[in-house]
Amino acid sequence: MDKLNRLSASLILPIVILLFIVSRLHYLNLPFYWDEAWSYATAVFHMAGDKLSLSPGSFHPDLTRGHPPVFYYLSALWVKIFGTRLVLVHLFPLLISVVFIIAVFFVTRSLFNDFTALTAILLLPLQTLFLAQAPQLLPEIILAL
């Protein structure tokens, strides 16, 4: 019975991820908004156009406002590889959100059981804050991961 529960839980995970991605696809082409527009996108594009570095002193503090450079570095690397089209830039945080859902599933399953893991991955994508920030170029989801 335990193997059947694990198998059913492992089959539901891709379905939840697919539904989550499909629900966020129409948001990928929205323009940058609020913090995403000024603070994050500006610094990411500046780093992608200049040089990639994890050093806090490698770019002007007015651009990063003291935020951790790992987010800027990974986002700038993504932009440098895949381009600056809005859909492609927003695809990176969506990918991070999917990885976060997967991580929550496996951590919850290892700490508790399959039922709790399924409950967690069914409830997480329904949270309005998570839904809103999943396709946005913001560091919150990557910090949660």
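**Briefing: a cavity and a helix pair**

By class, the residues lining the largest cavity comprise 7 nonpolar, no polar and no charged residues; here Ala, Val, Leu, Ile, Met, Phe, Trp, Tyr, Cys and Pro count as nonpolar, Asp, Glu, Lys and Arg as charged, and the others, Gly among them, as polar. The model is predicted, so local features need pLDDT of at least 70 and side-chain atom pairs count only at pLDDT 80 or more, while totals for chains, interfaces and linings use all residues. Residues are numbered from 1 along each chain as its sequence is written, and side-chain values use heavy atoms, with hydrogens and water left out.

**The largest cavity**

- A cavity is a set of points on a 1 Å grid over the protein atoms alone where a 1.4 Å probe fits but cannot get out, and lining residues have an atom within 4 Å of a point.
- The volume of the largest cavity, meaning the space filled by probe spheres set on the points, is about 40 Å³.
- Its lining consists of Phe71, Phe92, Pro93, Ile96, Leu138, Ile141 and Ile142.
- Helix α5 gives the most to this lining, with 3 residues; helices are DSSP runs (H or I, at least four residues) numbered from the N terminus.

**Helices α4 and α5**

- The axes of α4 (residues 69-82) and α5 (residues 86-111) come within 9 Å and cross at roughly 135°; axes are lines fitted to C-alpha atoms over the stretch in contact, and angles run from 0 to 180 degrees between N-to-C directions.
- The contact (heavy atoms within 4.5 Å) is made by Leu74, Ser75, Trp78, Val79 and Phe82 of α4 and Leu88, Val89, Leu91, Phe92 and Leu95 of α5.
- By class, this contact has 9 nonpolar, 1 polar and no charged residues.

Notes: Helix = DSSP H or I, 4+ residues; strand = E, 2+ residues; numbered from the N terminus. 1 Å grid on protein atoms, 1.4 Å probe; cavity = no way out; pocket = protein on both sides within 12 Å on 5 of 7 lines; lining within 4 Å.
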